[in-house]
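Here is a set of exercises to work through with the model open beside you. Try each task before you read its solution.

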2 protein chains.
Amino acid sequence: MNAPMTESLSITDLSREFDVTTRAIRFYEDEGLLHPRRQGRNRVYSNRDRVRLKLILRGKRLGFTLSEIAEIISLYHSEPGESAQLDYFIEKIRERRRQLLQQKDDIEVTLTELDAIERQCRERLASLKQ
Amino acid sequence: MNAPMTESLSITDLSREFDVTTRAIRFYEDEGLLHPRRQGRNRVYSNRDRVRLKLILRGKRLGFTLSEIAEIISLYHSEPGESAQLDYFIEKIRERRRQLLQQKDDIEVTLTELDAIERQCRERLASLKQ
DNA sequence: TCGACAATTGACGTTTACGTAAACGTCAAT
DNA sequence: ATTGACGTTTACGTAAACGTCAATTGTCGA
């Protein structure tokens, strides 16, 4: 039995935990979003890799493309030296924030609309049941 | 202050107002998301069409596929007769709501993370400027 | 040692959401 | 008469994000 001290996960572990195919996980690696270490040919995922995958999937749920997600993750892990680079990063961050706030607004609007529709359905249901 | 409630818009009117290509608008029609009336061969868009396009674009910003958007819009315009259909609709609505709430949560998390990153950038910037 | 099973690497296929011409009609202005 | 803006259809192209299959290679329990 392997000592579970070191958090090492197989590709199927990850695929099961997050309900994605192993093919997708390998694809993310091809696209440079994941860099698991290897034991021979096999991929071994650390907890950091797991967190990165979580970030990827969250980005997907938000409708970002993989390259956008790559950009976002690079923001997380960037250790930028130059001042100009920092300005650029901050601008990127603000862009994302604008996008996310727009989405939040879209969601609010859609939710209230859905509420209205459901209420109408319920009324119609009630009137059918008498 | 009479905003022209012009009931008839051209395809370029729409494309300019919402900053989408005419190609995209025609594509949405091909996919059954829009049904403008015709004057001869030319498409003429009513204000209802305009609202539908707005819904489509909002759906896109939320990361939905066109067929998902079609489903959502069909919820808006459905005149369901049967009780079973109504139950089905309500279930659909709840599904959407779950999805949107998940997205909202994702956004909150990402926003606070972005805040943290920007703060770090600012600190780094400040320390560089001395 | 055998066979089941997991994992790997290509390579090609598929869906979505349009882009990009090509080739043409219409009408107003120059 | 020509140009330009705007419109049309048909058709092929493409980038993204995987799915699917094939061939192969360990790996482990009975």
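The exercises below go from confidence to symmetry, then to the DNA strands and a few single residues.

**Before you start**

This is a predicted model, in which local features need pLDDT of at least 70 and side-chain atom pairs count only at pLDDT 80 or more, while totals for chains, interfaces and linings use all residues. Residues are numbered from 1 along each chain as its sequence is written, chains are lettered from A and ligands numbered from 1 in the order in which they are written, and side-chain values use heavy atoms, leaving out hydrogens and water.

**Exercise 1. Find out which parts of chain A the predictor is confident about.**

Step 1. Begin with pLDDT, the predictor's confidence in each residue, from 0 to 100. Chain A averages 85, and 94% of the residues score at least 70.

Step 2. Go on to the elements: helices (H or I, at least four residues) and strands (E, at least two) are DSSP runs, numbered from the N terminus. In chain A, the highest mean pLDDT, 93, belongs to helix α2 (residues 22-30), and the lowest, 85, to helix α4 (residues 66-77).

Step 3. Look at the start of the chain. Over residues 1-5 of chain A pLDDT stays under 50, and the model has 0 contacts beyond four places in sequence for them; contact means heavy atoms within 4.5 Å. Where pLDDT is low, the predicted coordinates should not be read in detail.

**Exercise 2. Work out how chain B is related to chain A.**

Step 1. Two copies of a chain are related by a rotation about an axis and a shift along it. The superposition is by least squares on the C-alpha atoms of residues with pLDDT of at least 70 in both copies.

Step 2. A turn of 180 degrees and a shift of 0.0 Å along the axis lay chain B on chain A with an RMSD of 0.3 Å. That is the relation of a two-fold axis.

Step 3. Which residue of chain B comes closest to the rotation axis? G63(B) does, with its C-alpha at 2.1 Å.

Step 4. Check the interface. The copies meet through the same surface, because 100% of the interface residues of chain B are also interface residues in chain A.

**Exercise 3. Describe the protein surface near DNA strand D.**

Step 1. A residue is near a strand if one of its heavy atoms lies within 4 Å of it. There are 18 residues around DNA strand D, and T21(A), K60(A), L66(A), T12(B) and R26(B) come nearest.

Step 2. Sort these residues by type, with Ala, Val, Leu, Ile, Met, Phe, Trp, Tyr, Cys and Pro as nonpolar, Asp, Glu, Lys and Arg as charged, and the others, Gly among them, as polar. The result is 5 nonpolar, 5 polar and 8 charged.

Step 3. Turn to the DNA side. Sugar or phosphate accounts for 76% of the atoms of DNA strand D within 4 Å of the protein, and bases for the rest.

Step 4. Look for polar contacts (pairs of N or O atoms within 3.5 Å; within protein, one must be able to donate a hydrogen and the other to accept it, and residues adjacent in sequence count only if both atoms are side-chain atoms). A backbone N or O atom of L66(A) is 2.7 Å from a phosphate oxygen of DNA strand D. R26(B) has a polar side-chain atom 2.7 Å from a phosphate oxygen of this strand, and for R38(B) the distance is 3.2 Å.

Step 5. Assign the surface to elements. Two or more residues each come from α2 of chain A and from α1 (11-18), α2 (22-30) and β2 (42-44) of chain B. With 4 residues, α2(A) gives the most.

**Exercise 4. Repeat the analysis for DNA strand C.**

Step 1. Among the 17 residues around DNA strand C, the nearest are T12(A), R43(A), T21(B), K60(B) and L66(B).

Step 2. Of the strand C atoms within 4 Å of the protein, 69% belong to sugar or phosphate.

Step 3. An N or O atom in the side chain of T12(A) is 2.5 Å from a phosphate oxygen of DNA strand C, and one in the side chain of T21(B) is 2.7 Å from a phosphate oxygen of that strand.

Step 4. The largest share of this surface, 4 residues, comes from α2(B).

**Exercise 5. Decide whether D19(A) and T110(A) are buried or exposed.**

Step 1. Buried means under 20% relative accessible area, exposed over 50%, partly exposed in between (1.4 Å probe, protein chains only).

Step 2. D19(A) is in the loop between α1 and α2 of chain A, and its phi is near 55 degrees, a positive value in a residue other than glycine. D19(A) counts as exposed, at 69% relative accessibility.

Step 3. T110(A) is in helix α5 (residues 83-129) of chain A and counts as buried, at 6% relative accessibility.

Step 4. See what surrounds T110(A). A polar atom of the T110(A) side chain lies 2.7 Å from the backbone oxygen of D106(A). Leaving aside neighbours within four places in sequence, T110(A) is in contact with R58(B), L62(B), Y76(B) and L100(B).
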